Amino acid sequence: MSFAVRRLQKELSKIHKDGLPQGISLVKADDFDEWLLDIRVFGENPLYKGQRFRLKFKFGNNYPIEPPEVTFTTGLERQIPMHPHIYSNGIICLDLLSPSQGWSPVQNVESVCVSIQSMLASNRKNERPEGNDEFVARNTKSPKHINFVYDDPTV
Amino acid sequence: MSSSAPASRRNSAISNKSTSTTTPDKPTPTHLDLRTLRYVSPPDDNLCCPICHSPFLDPIQTRCRHTFCSDCIAEALKNSETCPIDRKPITDEGLSPAPILIANMVNDLVVYCPNAENGCTETVPRHLVEGHVRETCGWVQVECGVGGCKEMVRRNETSMECLHRLVKCEFCLEEVRRMDLDIHYDTCAGISTDCPHCLTDYKRSDWKSHVQSCPEASIPCSSSVYGCPTILPRREMARHESTCSFVHLTPVFRRHESQISELALENRMLRRRLDLLYPRATQPESNTNSEEPQGPSVLDEQTYHILSEQEHLRTDLDRLSESMVALEMKHTMHFINENMRVKEEMVAMRTAINGVRMQMHWLLNMRAQAPFQPMMPMMGMGVMQQQAQVVAQGGTTTQGGETVQRRHSEHQNVKL
Ligand SMILES: [Zn+2]
Ligand SMILES: [Zn+2]
Ligand SMILES: [Zn+2]
Ligand SMILES: [Zn+2]
Ligand SMILES: [Zn+2]
Ligand SMILES: [Zn+2]
Ligand SMILES: [Zn+2]
């Protein structure tokens with residue numbers, strides 16, 4: 001049993017015992033490779049009001065030393081949220097998820113969800129990142145290995 | 001065959017083991033991973049490493065006074081040389097063992113024996129668990145050791161006697177392992193047993209097949225399924241069967257049986273077709289193949305009653321929905337007709353208003369120009385034109401004098 005599996009077991013039993021913060025719900029955690037969670041944004045932000053978004057977590061063997069790969073996915077009534085740091089293919093440009101910059105092994109699934117939830121809640125711009133179409137058309141790399149430039153201090 | 005001897009020896013095995021140093025403690029190859037331990041009571045969050053979420057193992061403190069397992073912080077530093085909690089830069093030199101108090105608290109946490117799922121019920125403080133597994137746990141696989149035997153055996157099953165050595169069965173002279181001897185006796189070809197029916201001796205290996213054919217064994221008549229209650233020794237059964245009326249009737253029973261099953265099949269198919277034609281709420285019809293000609297039971301009658309009632313209701317419902325549809329059609333038609341009429345009227349009114357408006361314009365124009373222009377020819381032409389237009393549009397003809405009043409009232413009409 002790998003380090004990652006043991007840690008994820010702990011997180012899962014804590015979620016089952018204590019639940020998740022408001023607006024975050026566990027959709028699927030059948031194994032320790034990939035989990036699905038739904039998030040909702042509360043408050044009056046008209047961009048996301050009444051919508052649910054689905055996050056896909058992919059864990060490597062080295063989790064939590066290395067960050068999970070977190071992307072938005074589409075699905076039944078689930079769209080990719082409009083945000084200047086979220087590409088239309090679901091890739092999220094968030095320094096917290098970068099192995100070299102913001103990630104720390106004390107983060108966990110719940111804290112990542114909360115960060116993404118607040119990143120949506122504080123957004124007022126109904127737009128995609130600059131160069132979205134070109135990026136989406138050309139990108140084949142896994143999101144963890146893309147070197148984003150985290151230049152926006154407001155996120 | 002002293003079958004009780006090994007058992008009694010086994011009881012004393014553990015005490016023997018500790019005294020006998022003839023079998024030097026070979027270290028068990030299974031290295032115990034302390035991270036997999038299960039804790040008897042959920043550990044305090046303050047004693048858990050923020051990286052692995054388990055109680056600290058070999059706790060280490062950073063210069064910024066944060067505590068982690070030594071392995072966890074080492075892994076984390078490989079990735080990024082900052083404290084995982086406050087991101088202050090750290091290097092290996094900045095790490096020191098956590099206060100002894102913390103180490104003692106996590107070491108005293110009580111854990112289950114790692115062999116709990118195999119049966120060990122011991123719970124020990126964490127720092128003693130390695131000793132328990134190495135020295136005393138009865139569920140650890142150890143080498144048998146007797147006479148250099150390399151077979152693995154559970155520690156609480158070791159004994160002075162090696163159970164793995166081959167012994168000769170004293171009855172058939174076959175070689176079997178000591179521990180398998182009891183099982184061997186059940187099928188040993190060298191032991192003979194008396195058949196309980198004919199009291200003759202049979203070898204154990206042949207015994208099972210003999211019982212299947214022993215002439216003294218009691219067996220039921222071959223027509224017992226059709227109701228013959230006779231049970232006789234096998235040798236007398238042939239005589240009974242030659243006179244048994246059940247046996248004579250067996251072909252008839254068989255034929256009936258096959259017919260019934262055919263009918264049941266047909267019935268099922270018909271019912272399925274019926275269901276397709278009249279889809280109905282599925283009712284559990286479990287006994288479709290027991291349609292034998294016997295009076296319907298009380299339950300059946302009730303079911304039929306309910307079914308016929310349901311059928312009535314269904315036809316009623318069908319009728320009702322048909323008339324509903326008809327009614328709706330009628331309403332729709334009526335509505336459309338009405339709507340058309342209203343529309344036509346509205347078009348007519350709009351035309352009329354237009355006519356009136358034009359006339360009014362013309363009148364106003366005329367009045368404005370009156371002082372400068374000769375009146376009669378213009379007016380005559382204008383009226384003619386307007387009249388022609390109004391007639392062509394199917395509106396009402398109106399004369400100049402009343403125009404202003406009419407316009408007002410017609411405007412109101414349109415609004416309605
Ligand atoms: Zn720190
Ligand atoms: Zn740890
Ligand atoms: Zn044990
Ligand atoms: Zn042995
Ligand atoms: Zn034998
Ligand atoms: Zn016999
Ligand atoms: Zn009979």
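# Questions of definition in a predicted model

Biologist: How many salt bridges does the structure hold over all chains?

Modeller: The structure holds 19 salt bridges over all chains, the term being reserved for a side-chain nitrogen of Lys or Arg within 4 Å of a carboxyl oxygen of Asp or Glu. This is a predicted model, in which local features need pLDDT of at least 70 and side-chain atom pairs count only at pLDDT 80 or more, while totals for chains, interfaces and linings use all residues. Residues are numbered from 1 along each chain as its sequence is written, chains are lettered from A and ligands numbered from 1 in the order in which they are written, and side-chain values use heavy atoms, with hydrogens and water left out.

Biologist: What makes B:R35 and B:D71 a salt bridge?

Modeller: Their closest N and O atoms are 3.4 Å apart, and the limit is 4 Å, so the pair qualifies. The two residues are 36 apart and belong to distant parts of the chain: B:R35 lies in the loop between α2 (13-19) and β1 of chain B, and B:D71 in helix α3 of chain B. Helices (H or I, at least four residues) and strands (E, at least two) are DSSP runs, numbered from the N terminus.

Biologist: Why is B:R35 called buried?

Modeller: Buried means under 20% relative accessible area, exposed over 50%, and partly exposed in between (1.4 Å probe, protein chains only). B:R35 has 17% relative accessibility and therefore counts as buried. B:D71, at 47%, counts as partly exposed.

Biologist: Which salt bridges does B:R177 form?

Modeller: The side chain of B:R177 meets that of B:E151 at 3.7 Å, N to O. B:R177 also forms a salt bridge with B:D180, with the closest N and O atoms 3.6 Å apart. B:R177 is in strand β9 (residues 175-177) of chain B and is partly exposed, at 28% relative accessible area. B:E151 is partly exposed at 37%, and B:D180 is partly exposed at 30%.

Biologist: What makes the residues around the zinc ion (ligand 1) its donors?

Modeller: Donors are N, O and S atoms within 2.8 Å of the metal (3.2 Å for Na, K and Ca); water is not among the atoms, so sites may look incomplete. The protein donors B:C64 (SG), B:H66 (ND1), B:C83 (SG), B:D86 (OD) and B:D86 (OD) lie 2.0 to 2.7 Å from the zinc ion, so they satisfy the limit. Their residues are spaced C-x1-H-x16-C-x2-D in sequence. B:H66 lies in the loop between β1 (59-61) and β2 (67-69) of chain B, and B:D86 in the loop between α3 (70-79) and β3 (96-97), so the pair ties together parts that are 20 residues apart in sequence.

Biologist: How do you know that β1 (residues 24-28) and β2 (residues 34-40) of chain A pair?

Modeller: Two strands pair if DSSP finds at least two bridges between them. Four bridges join these antiparallel strands, so the criterion is met. The bridge partner of A:S25 in β2(A) is A:D38, and a hairpin of five residues joins β1(A) to β2(A).

Biologist: Why is B:F335 called exposed?

Modeller: B:F335 has a relative accessible area of 55%, and so it counts as exposed. B:F335 is found in helix α10 (residues 298-369) of chain B.
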